[in-house]
Amino acid sequence: MQAGQTQGQDQATSPIVSSRVLRAVSAVTAIGIFILDTMTPAEIAVAVLYVGVVLLTAKVLQARGVVLVAVGCMALTMLSYVLAQHDASPSIALSNRLLSLAAIGVTAFLAVHSRSRETVLREQAGLLDLTHDTIFVRDPNDVITYWNRGAEEQYGWNKGEAIGQVSHQLTQTIFPRPLEEITAELLRTGRWDGELVHTRKDGTQAIVASRWSMRRDARGRPVAILETNNDITERKRAEEALRESEEQWKAVFECNPTMYFMADAAGTILSVNPFGAEQLGYTVDELVRTPVLSVFYEPDRETVQRNIASCFAQPNKAMSWEVRKVRKDGTELWVRETARSVLLRKCQVILVACEDTTERKCAQEAARRSEQELRDLIENLPAMVYIVLPGPFGPIAAFASRGWREYSGLSQEDTAGSGWQSVVHPADLERNLEKWRVCAAVGEPYENESRYRRAADGAYRWFLDRAVPLRDEHGTILKWYGILTDIEDRKRAEAALRRSEHYLAEAQRLSHTGSCAYTPATEQVIYWSEEMFRIYGLDPQRSRAPDVNELACFWHPDDRDRVLERVRTAVCEKAEYAVEHGIVLPDGTVKHLHVSGHPVFDDTGAVVEYVGTVMDVTERRRAEEALHKAQAELAHVTRVTTMSALTASIAHEVNQPLGAIVTNANAALRWLAHEPPELDEARETLERITRDGHRASEVIGRVRALLRKKAAVAKRVNLNDLIQNVVALVHGEVSQHRILLRTEQAPDLPPVMGDHVQLQQVLLNLVLNGIEAMKDVTERPRELLIRSRREEAAVLVAVQDTGVGLESQNAGRMFEAFYTTKAEGMGMGLAICRSIIEAHGGRLWASANEPRGAVFHFSLPVDRDRPL
C-alpha cells in the first residue's frame with residue numbers, strides 16, 4: 001500500500017510541476033502583452049492576445065481561477081489604455097479595447113464552461129476506476145475465462161483458481177428459476193437480470209444482483225457471457241457510508257482552508273467555519289449572530305451591502321467581488337468573495353466563500369514594480385539592446401540602450417535612422433546591410449558578426465549582433481528587437497587557438513608524430529591529424545580517415561594479428577596500450593611505427609573513446625640496427641683481443657697434449673719393436689695418444705667458437721656448462737700466475753635464453769679482469785672464485801677475486817665506454833659486457849670483496865618455457 005501511495009505521489013509530481021510552469025509562463029506572457037500593448041500604436045488591438053493567457057491558465061486553474069485571470073487581463077487592458085497615447089485615433093483605441101474586453105470575456109466564459117464539463121467527466125471516470133463490482137466472463141459452456149479483482153475480493157478465489165472452472169459449480173449458485181429457462185431467455189434477448197445466491201470460498205453466502213450479457217460473433221453465434229454481480233447485502237453498509245460521507249462533508253466545511261460564511265437577509269452571520277473565523281482572528285462563537293458588515297473594511301461596506309442585496313435579488317446566481325476585510329487586530333486582507341443566494345428551510349440565506357487574495361494583490365503590485373525594473377534592466381544591461389524598424393535600404397534605428405550610447409558616443413538622436421552606421425567598421429558595413437536585407441526578405445532572425453568603433457579610444461571591437469522580428473497578426477514585420485554582445489575576447493581566443501593548432505601540426509610534422517581518436521564501440525575514427533595522413537602515405541585532400549579495420553590493412557602481415565590482439569585486449573580491459581609494428585604503404589614502402597592509446601572515460605566509468613599517438617620510428621629502427629651491428633663488430637674485436645691475451649696460455653694448453661702425443665708415439669714404437677711386440681702396452685699408449693688428441697682438439701674448438709663471427713642466436717644456455725668451458729680456456733693463465741681457481745655451482749640450475757658465445761665472452765672477460773687484478777699481489781693468496789645460484793625468477797653468476805679492489809671514486813664509471821685503468825686497455829670490455837647482459841634482459845654490477853678484492857655479478861632471467 002505504501003508503494004502505491006509513493007507511486008501516486010510520483011505521478012502527481014509531474015502535473016504539479018507542469019501547473020507551476022504554465023502559471024509562470026502565463027504571468028510572463030501577460031506582462032509581455034501588457035508592455036507590448038502599451039507601446040504599440042492604438043490602431044492595433046494587441047490586447048486580444050490576452051485570450052491566449054486565459055486559454056493557457058484554463059488548463060491548470062479551476063473555474064474561479066480562470067475568471068480571476070480574465071478579470072486581471074481586462075484590468076491590464078484598461079490600464080494599458082490609460083497609459084498609452086491616443087492623440088491620433090482615440091475612437092479606434094477605445095473600440096479596440098472594447099473588442100479585446102469582449103473577446104477576453106467570451107473566452108473566459110467558454111473556458112469555464114469547458115472546465116466544468118471536464119471536471120464532471122473526470123469525476124465519472126474516477127468512479128468507474130474505483131468500481132468494486134464483481135465482473136467475470138464465461139464461455140457458452142459456463143467455463144470462466146476472465147475474473148476481475150472485484151470477483152477476487154467478493155468470492156475469495158484468485159484468478160488462477162477461478163479461470164477454467166464452471167462458474168455455477170464454483171459458486172454453488174442458487175437460481176430463482178431453472179437454469180434452462182434463464183439460458184433460453186439469454187439466448188433469445190441477449191440479456192438477463194435477476195438475483196442469485198452465491199457461496200464464497202470461506203463458505204459464507206451472498207445475495208447478488210446479477211446481470212448477464214451475451215456476446216455473439218459475426219455469424220450470430222454465442223461466444224461469451226459477461227456477468228456482473230453486485231452484493232445486495234452491502235446496501236446497509238452503503239447507507240452507513242452515506243452517513244459517514246455527510247460527516248466527512250461536514251468535516252470538510254469545518255476544516256477546509258477556505259473561509260465560508262452563511263448570512264440571512266438581515267445581514268446577520270448564521271455560521272462560519274473555524275478556518276474563516278481563525279483567519280479573521282475570532283472564534284466561531286464570537287462571529288455567529290453578529291452583523292456581517294462588521295468584518296469588512298469600512299470604506300468597502302457600502303459596496304458589500306449593495307452586492308449582497310443584488311445577490312438576494314437573483315437567487316441561485318453566483319456573484320463575485322473583491323473587497324477588504326478587517327481582522328480582529330485591525331489589520332487588513334484582500335478577499336475575493338463568491339456568493340449565492342439559496343432557500344434553506346424555507347428561509348433565504350446567502351452562502352459566501354472567501355478566497356484570500358492578499359498575495360495576488362501584492363503580486364500585482366510587484367508586477368508593476370517589475371515593469372519598471374525591466375525598463376531599468378534594459379538600460380543597465382552590459383550588452384547593448386536596440387530596436388530598429390524595417391527600411392528599404394536597411395534597418396532604421398528607433399531605440400538604443402544606455403550601453404550603446406556610452407560605447408559609441410552617439411546620442412539617441414545621433415543613432416536614429418541610419419546614424420548608427422557611422423561607427424561600423426567600413427569593411428563590415430556593406431556585408432552587415434546585405435545580411436539585414438536577406439533576413440528581412442525571408443523573415444528569419446538576423447545574426448552577424450561585425451566590428452564597431454569604441455568612442456573612448458577609437459578602437460574597433462568585434463560584436464555578435466542578433467535580432468528577432470516582431471510581427472503583426474498578418475505576419476508583417478513591425479520592428480526588430482536586437483542585442484549586441486562583445487565577442488572581442490572570444491575572437492582573440494579563437495585566433496590563439498588557430499595558432500596553437502598550427503604549431504601543433506608543425507610539431508607533429510617535424511617529430512613525425514601523428515594523433516588520432518576513435519570510438520572503440522564502433523571502431524570509427526573521429527579525429528585524424530594531417531601527420532597521420534603523411535605517415536600512411538595518404539592525401540588528406542582526397543582520402544578520408546580510415547576506420548580500425550581499414551587501418552589494419554596497412555599493417556605488416558607479420559604484425560597484424562599481434563597488434564589487433566593487443567589493441568582489443570586493452571579495449572576490453574579499459575587500459576592503455578603501446579605497441580610497435582610495421583606498415584606497408586601502397587607503393588611497397590615499409591615503415592616502423594610506435595603506437596600508443598589512452599582511454600577516455602565518461603562520468604559512469606565507460607570508455608567513450610581512445611586517444612592515440614603514432615610515431616614514425618623507421619629512422620630510429622634503422623639506427624638501432626646499425627648500432628647493434630656495430631656493437632656486434634666491436635664485441636667480436638674484443639673477443640679477438642681477448643684471445644691475443646690468452647695466446648700463450650692457449651699455446652701451452654695445445655703444446656702440452658701435442659708433446660704428450662709425441663712422447664706416447666715414440667713409446668708405442670718401442671713397444672712394437674720388441675720381440676715379440678708388446679701389443680697391450682702399445683694399445684694403451686695409442687689410447688693415451690687419442691685422448692691427448694681430443695684434448696688438443698677441444699681447446700682449439702673452444703677458441704674457434706669464441707672467435708666465430710656470426711649473428712646472435714637465442715638458445716637455451718646452461719650457465720654451469722658455460723662456467724666449465726671458461727675454466728678450461730683460462731687454465732693456462734691461472735697456472736702461469738699461480739692463482740687458485742675454485743667454482744661453487746648450484747645443482748639443477750635452470751637454463752636461460754641467450755647467445756652462448758656472447759655470454760661466454762662476458763664470463764671470460766670478467767675472469768680475465770680478475771686475473772689481471774691479482775698479477776701484482778704478493779702479500780696474500782691469489783684466489784679466484786666463480787659462483788652460480790638460483791634467485792627467484794633469475795640465475796646469478798658472480799666472479800670474485802682478491803686483487804687490488806675497486807676505487808670508490810671511479811666505481812661508477814667502470815662500465816662507461818672508453819674508460820679504463822689499464823695502460824694498454826681500450827676501455828670497452830665492461831661496457832660491452834653490460835650491453836650484452838642488458839640485451840639479454842639481465843643486469844651487471846660490481847661490489848667490493850671483503851677484506852680485499854672485487855666481485856662482479858650478473859643475473860639473467862630464467863627460461864619460462866622450461867617446466868620447473
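Leaving aside its neighbours within four places in sequence, which residues is A848 in contact with? The answer is L806, G853 and V855. Bear in mind while exploring that this is a predicted model.

**Around A848 and the cis peptide bond**

A848 belongs to strand β26, which covers residues 843-848. Is A848 buried or exposed? Its relative accessibility is 53%, and exposed means over 50%, so A848 counts as exposed. T802 makes a useful reference point here: 46 residues separate it from A848 in sequence, while their C-alpha atoms are 9.9 Å apart in space.

Moving on along the chain, E850 and P851 are joined by a cis peptide bond, with omega at about 5 degrees. P851 sits in the loop between β26 and β27, the latter spanning 854-861.

**Helix α12 and its two sides**

Helix α12 is made of 13 residues, 301-313. From first C-alpha to last it reaches 18 Å, close to the 18 Å expected at 1.5 Å a residue. Which residues of α12 are buried? They are V304, N307, I308, C311 and F312. Viewed down the axis of α12, these buried residues fall within an arc of 135 degrees, so they line one face of the helix. The spacing is what helix geometry leads one to look for: an α-helix has 3.6 residues a turn, so residues three or four places apart point the same way.

The cover over the buried residues of α12 includes β6 (259-264), β8 (319-326), β9 (332-344) and β10 (347-356). On the other side of the helix, E302 and A313 are exposed.

**Two residues with positive phi**

Two non-glycine residues with positive phi may catch your eye on a Ramachandran plot. Here they are together.

| Residue | Phi | Loop | Relative accessibility |
|---|---|---|---|
| Q172 | about 50 degrees | between α7 (167-171) and α8 (179-189) | 51%, exposed |
| R289 | near 70 degrees | between α11 (284-287) and α12 | 58%, exposed |

The loop that holds R289 runs between α11 and α12, which brings us back to the helix described above.

**Cavities**

How many cavities of 30 Å³ or more does a search of the whole structure find? There are 4.

The largest cavity has a volume of about 230 Å³. It is lined by 20 residues, and the closest to its centre are Y518, L551, W555, Y577 and V595. Several elements give two or more residues to this lining, among them the strands β16 (513-519) and β17 (524-528) and the helices α19 (548-552) and α20 (557-573). β20 provides the largest share of the lining, 5 residues. By class, the lining of the largest cavity has 16 nonpolar residues, 4 polar ones and no charged residues.

The second largest cavity holds about 150 Å³ of space. Of the 14 residues lining this second largest cavity, Y386, V388, W404, W420 and L484 are the closest to its centre. β11 (384-389) and β12 (396-400) each supply at least two residues of that lining. What classes make up the lining of the second largest cavity? The residues divide into 12 nonpolar, 1 polar and 1 charged.

Methods. Residues numbered from 1 in each chain as written. Predicted model: local features only at pLDDT ≥ 70, side-chain atom pairs only at ≥ 80, totals over all residues. Heavy atoms only, no water. Helix = DSSP H or I, 4+ residues; strand = E, 2+ residues; numbered from the N terminus. Expected span 1.5 Å × (residues − 1). Buried < 20%, exposed > 50% of the residue type's maximum accessible area, 1.4 Å probe, protein only. Arc of directions from axis to C-beta. Contact = heavy atoms within 4.5 Å. 1 Å grid on protein atoms, 1.4 Å probe; cavity = no way out; pocket = protein on both sides within 12 Å on 5 of 7 lines; lining within 4 Å. Points joined across faces, edges and corners; volume = space filled by probe spheres on them. Nonpolar A, V, L, I, M, F, W, Y, C, P; charged D, E, K, R; others polar.
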